[in-house]
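Got your viewer open? Let's take a short walk through this model, one selection at a time.

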Amino acid sequence: MTTVSAPEAAKPSRGFRLDLKTAGPLIALILLVILGYSLNPLFLGEGNVTNILTRSAFIGIIAVGATFVITAGGIDLSVGSMAAFIAGVMIIIMNWAVDAMGASLATVLFGIGCSLILGVGAGFINGFLTTKAKIEAFIVTLGTMGIYRSLVTYFADGGTLSLAGDARDIYRPVYYDSFLRIPYPVWVFIFVAIIGWILMNRTAFGRYCMAIGSNEHVARYSAIKVDRVKTWTYILQGLCVSLATIIYVPRLGSASAATGVLWELEAIAAVIIGGTMLKGGFGRVGGTIIGALILTAIGNILNLTEIISNYLNGAVQGVIIVAAVYLQRGSFRAGRKKAAE
Amino acid sequence: MTTVSAPEAAKPSRGFRLDLKTAGPLIALILLVILGYSLNPLFLGEGNVTNILTRSAFIGIIAVGATFVITAGGIDLSVGSMAAFIAGVMIIIMNWAVDAMGASLATVLFGIGCSLILGVGAGFINGFLTTKAKIEAFIVTLGTMGIYRSLVTYFADGGTLSLAGDARDIYRPVYYDSFLRIPYPVWVFIFVAIIGWILMNRTAFGRYCMAIGSNEHVARYSAIKVDRVKTWTYILQGLCVSLATIIYVPRLGSASAATGVLWELEAIAAVIIGGTMLKGGFGRVGGTIIGALILTAIGNILNLTEIISNYLNGAVQGVIIVAAVYLQRGSFRAGRKKAAE
Amino acid sequence: QDEKITIGVSIPAATHGFMGGLNWHAAEAEKRLEAANPNIDLVIVTADGPEDQASDLEDLVSVQQIDALVVLPFESEPLTEPVRAVKDTGAFITVVDRGLTDPTIQDVYVSGNNTEMGVNSAEYMKTRLKEGDNIVILRGIPTVLDTERFDAFMGAIEGTGINVLDDEFANWNRDDGFEVMQDFLSRFPDIDGVWAQDDDITLGVVEAIKQAGRESEMFVVGGAGMKEIIKGVMDGDALVPVDVLYPPAQIATAMDVTVAHFTSNGPVTGSYILGSPLITQENAEAYYFPDSPF
Amino acid sequence: MSIAEGTTAPSILSANRISKSFGEIPVLFSVDFDIRPGEVHAIIGENGAGKSTLIKILSGIEQPTSGTIVYDGKTVTLPPNGEAEAMGIVLIHQELNLAEHLTVADSIFLGREIKKWGFLDLNEMRRRSAEILDSLHVRVDPDARISTLSVADKQMVEIAKAISRDARVLIMDEPTAVLSVGETETLFEQIRRLTARGVAVIFISHKLDEIMALAQCVTVLRDGQLIATVGTENLTPDSIAQMMVGRELSNLYPPKHEPDVDAPIVLSVRGLVAPGVKDVSFDLRRGEILGFAGLIGSGRTAVAEAIVGLTNKSAGDVSLNGQPTAFTDVAKSVDAGLAYMTKDRKGRGLLLNVGLQPNLTLLTLKKHLKNGFLDGNSEQQALERATRRFDIRARDASVRVGQLSGGNQQKLMLGKTMETEPDIIIMDEPTRGIDVGTKQQIYHIVAALAAEGKSIIVISSEMQEVIGLAHRVLVMRNGRLAGQLEGAEIVEAEIMRYAAGIKQDGDNDNRISA
Ligand SMILES: Nc1ncnc2c1ncn2[C@@H]1O[C@H](COP(=O)(O)OP(=O)(O)OP(=O)(O)O)[C@@H](O)[C@H]1O
Ligand SMILES: Nc1ncnc2c1ncn2[C@@H]1O[C@H](COP(=O)(O)OP(=O)(O)OP(=O)(O)O)[C@@H](O)[C@H]1O
Ligand SMILES: [Mg+2]
Ligand SMILES: [Mg+2]
């Protein structure tokens, strides 16, 4: 038998495959950068690059969580509303704390702590309803999406919840200050991205997510606690939303019914642009990061030039997204075609 | 062979299962009706019932198309924008025709014809990009969603496109008049529902959609022209959007950037509430109709009562949707568990 | 004077009629002002939400390097700090419509007046209705300015004995206006007046009333100044006898003023509050712009 | 069937010098093949020899890299995607090829629906399905969803589907791998009926006795090379095996060591009631190989799944080493040293769209953690070990499991289960689709494990396997234990009698526990 069998056969030549697949979104991003630079050289100015990175942190962090949910075959539509809700409650709590004991670092840390707890709780609710009550993730999270959005409107009485000025001053640097010339939000983003990447590619949890998304039966027969892992993906998503909120609140110091509208769509789009499959079973945190950068860069590029009518922003955005994904898929079409068999 | 084997085990008795599965959404709807009636007896007044039916026609018709797309494993996020776009272009064309040759029945029919062509074309584009360019349906339709919405904004110059008064007068009855005390839109809805049901359950096309959504390889190996069938589901979706638009335009005689916002979410929700699976393979047109009615009824009930703060409408809506689906799933939990094995 | 001057204009995207009108007026003003002042470049950017607008402001600074900013904040509080950041770069700031929480940031303030709009609507209602009459209210989207209008209106009719049967959100959207009104009509047999607060909503409301055949029972008060509505007022429509202006053209005023800061010699500062006058058949002509999309 | 008749008839389908490579990797080398109407032509060969690839080419599913296909005397390019069915070439895929959401009738007529005035004639399709299923003695409702069927029933549906088409050439890729003797016999009846009508049948199987019984002609492939095409009359199972493997194959089954009657009972099941199981009790001793025989759907799998916690038992007790246990999920049973290997490798066993390594270690990922992180090297070593031990052959390094040959998938799954190093292992159809050479290896592994003191339950529809391996055989019927056989009693006829319900043990269930 000419079987090259064991040693080579078993070598899935990780490097090679990774390269091709990361290359897709990366190429799209590079083309976009070239486009941006050619429209306006200031696109690559330090200030602008920093802006893009900082901005993409919100969607990026949320999208890292979404990568897990989607990889495990789920979906979470509630993230945008959840962000608004967590931001709102966090502000209420901090304002209350300021009233009770004055503004201090402790107040802010207390708010951050509450935010994390809320995120975990909200994620758990989505996970629980999906796995235990056996309701489709789409419906569960559509429901919680409405609920959180309503609650924040209710808490704000139709208006805006604003962080008390003195707490704001203490909290403000979390968004606006830098370390080694890189703003804190970007650090958080980098941190979340690395943790996410490790979790997905170097831990049993990530492997389980892929297995569940790929074939839930096989996962169950392979001694994977399917419900538990799925619930964890939603909790992780909640945690990511909470982290994004923690760096969002100091930016604008407020929350309202308009906070985080359509973030869910952006987050899911970042995930899919990054090469994760909507049907689950295949998750790529690295791609998600690039996807988030692509989306942010598109928005930024639209502000660089006046060539096209503002009314057409959405159209340009749409065309670029589709083209980016097409390029990306095209670049490893050959590989995919075979894979599709 | 003496295979006396499991005669009972193998008899899943179709009648029974069908009943249970249609029963799910139906029970939820009935409970909702009881709730509505108990909150305000006017809920069951003839006028209100007619209103609900007429309103649900838009989402319902679109959702029938979405049932096919989703059953075949796709998704179409562009329907709301597509409706706005078709409505806008239809109005432009009719106004132009009125200028050119005066308002007459022919003008309106011409507009309707154009709308149908646009719907088919838009659906074809989605289908083509998904099947031939091999871009994920989510991304394709997210892209076209932005494009159509932008285009209508652009055509309307950010404002509203309004149908010329005289054409309007001719067209108006299509929405407002009735036949046998049932408004025309409801007739169209009934017609689409019946055609949709037959297509799904009594033609090879419906079978192919299910087969493709269930397992694309199997479908392909069964000599089913997978790409063609999938493209047809998008075309069907476009046609449904166009039909919905045709009865929508005479209602207010206008289209703007705000037309059809979030209809995609509502349509998909109606489909899922109706028992179709988001991952494809299993489509239920009857359920979709009920899903659309449930969604409309929820909105209507919220308008008929003052019990809860307006700010919480979204929350109540969310809770009811989740509860409705839970009830529905719960009622045949036993049956499902086996099916899920 | 030949130095190139860039003025950023940051406004919400054209997601509903009023904003559409505002976008149109901004675009028209841009064309007009750029033609008249070759050294001035106006850059209009549109945002989908507060955070998006904050990003737009950053971009205007970092890539467009603006000398002045005309901004219609999505929401007041969230955008106060981002506008302050623009101010800190030395730019001239003109705030439109929704005031920042810290008015010292702005050099110029141009605004409609949400409170006045609510009050004027209520005042008109009072002239037409008496104690015991019933009205329903269709609100916009739950946001600060909607709340401002609503609170002002409620304050002004307090004590008049006019009953507010119910209020619901209609999202500044015709379809929602139509459906909400349909439901009000089936719920309340006796309605004497409708405050729709926005002309998009008004259009839906009117259709619903016509469908129910109850035109003679009530009247509708909208707001903003949509051309179709103004036309109706001009023609003496009994169902929608008046409108309350909330001018989308205020953005053009703001742009004019800002450009004037660079072209005229004297300093330009202060507040330009455009009132929300009641538009009646008598004065409607003055508010009618048939070319505007709104 | 007369071979003479066959030899004179011109061949209906033939392949000339067919070669095939997937990417760079050659799989078939210049293979010739032909078949005449009314003939059953078997293809045999080791796992990964290229049998499935050859017949995929013969049915148009794959296109050859070089070489020609002649159908009906004309050189043709077969259309892809099963469209060759319209020309009369019908293929039963090796792996189940049914859409889980469809009903049985839908599946049988998929792509070829019966219509009346353009609409589906559901009643007719249901009637015809019932008819075909009946002729195969399959008791499934035409309206049942595929997802609710057992693997064997699914296979029978596939067969029904193929038989219902107007085939001139019917190609079956290991159709009997999941069938028990009875079903196999029915299938053969149908095949003989078809060949009598002039249908040509290409038949792949690793069960050599079946080939001797059915085929007139055998083509042997090894490593993608054509070794020989011979008439069966000149062959014995041994000589076929030798041609296949390229070496002498002696004693397929290892000698049975005497079971120790005093060995402690490691697994004891009492009065188990679960979905598909009605009151089952038995004991398993240390070092024992216990066979489970029975017809399709007799409940053997259901017993195993209830024991390891995949389904919920509604009554009964399971104790492990004397300790009462109630596993609520597989993880608990694996931790307790009890592993179950499913027979549904595609639906339950393996992730088809990922590589070998993640599949192998999925069940035992915890063993490959270093400081909480996955240790790629350790996984790699595990794969190398398993590849050696179970002779898993993948030609291409980056191959995904779905692209492995069927037998190699099975070996991988065996490796995956054995990774847990269980004390008790329940193997459901362990040698499904495995070639004789490897079978022998596996049997020896099983025997060695038992000798080491592990206990093994072998659920198998292959009677010979149960007979050759097991110390004791339990026969199930309709969810109950119908009988127990030990030592010299273990013969085919006895098993069949219990399985068919002709003979029954006393009503006293306790007798069954040894
Ligand atoms: N689509 C594919 N891509 C890459 N390699 C493939 C593909 N299909 C088959 N192979 C390889 O071709 C070789 C022959 O496989 P084939 O399925 O024909 O074997 P087989 O003789 O049917 O074996 P078995 O008895 O195990 O079913 C195997 O090494 C397999 O990995
Ligand atoms: N979870 C379950 N719920 C209800 N019935 C079930 C369940 N699992 C199995 N059954 C039924 O129990 C019977 C026994 O099935 P099982 O798969 O255990 O048989 P088997 O003896 O392993 O047959 P084979 O392996 O030959 O298919 C079948 O009729 C099956 O439909
Ligand atoms: Mg094979
Ligand atoms: Mg079984």
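How do the residues of the shell around ligand 2 divide into nonpolar, polar and charged? Select that shell and color it by type: you should find 7 nonpolar, 7 polar and 3 charged residues. Keep in mind as you click around that this is a predicted model.

**Stop 1: the shell around ligand 2**

Now color the shell by chain. Residues from chains B and D surround ligand 2, so this site is shared between chains. There are 17 residues around the ligand, and the ones that come nearest are Gly297(D), Arg300(D), Thr301(D), Ala302(D) and Lys343(D). Next, pick out helix H9 of chain D, residues 300-308: this helix gives the most to the shell, with 3 residues.

**Stop 2: oxygen atoms of the ligand**

Zoom in and turn on distances. Start with Lys343(D), where an N or O atom of the side chain sits 2.2 Å from an oxygen atom of ligand 2. Then hop to Ala302(D); here it's a backbone N or O atom that lies 2.6 Å from a ligand oxygen. Finish with Ser298(D), which has a side-chain N or O atom 3.0 Å from an oxygen of ligand 2. How much of ligand 2 does the protein bury? On its own the ligand exposes 630 Å², and the protein buries 82% of that.

**Stop 3: where chain C meets chain B**

Leave the ligand and show chains B and C. Here 32 residues of chain C are in contact with 32 residues of chain B. About 2600 Å² is buried between these two chains, with carbon and sulfur atoms giving 41% of it. Select Arg174(C), Asp183(C) and Arg187(C): in chain C, these lose the most area to chain B, together 22% of what that side buries.

Stay on Asp183(C) and add Arg55(B) to your selection. The two form a salt bridge, and their closest N and O atoms are 2.7 Å apart. How many salt bridges are found across the interface of chain C and chain B? The count is 5, and 18 residue pairs are in polar contact across that interface.

**Stop 4: the chain C side**

Last selection! Highlight helix H1 (17-36), strand S7 (163-169), helix H6 (174-187) and helix H7 (199-212) of chain C, the elements that give two or more residues to the side touching chain B. The largest share, 9 residues, comes from H6(C). Color this side of chain C by type and you get 9 nonpolar, 10 polar and 13 charged residues.

Conventions: Residues numbered from 1 in each chain as written. Chains lettered and ligands numbered in written order. Predicted model: local features only at pLDDT ≥ 70, side-chain atom pairs only at ≥ 80, totals over all residues. Heavy atoms only, no water. Near = heavy atom within 4 Å. Polar contact = N/O pair within 3.5 Å; in protein donor to acceptor, adjacent residues only side chain to side chain. Areas by Shrake-Rupley, 256 points an atom, 1.4 Å probe, with all protein chains shown as cover. Helix = DSSP H or I, 4+ residues; strand = E, 2+ residues; numbered from the N terminus. Nonpolar A, V, L, I, M, F, W, Y, C, P; charged D, E, K, R; others polar. Contact = heavy atoms within 4.5 Å. Buried area = accessible area lost by both parts, 1.4 Å probe. Salt bridge = Lys/Arg side-chain N within 4 Å of Asp/Glu carboxyl O.
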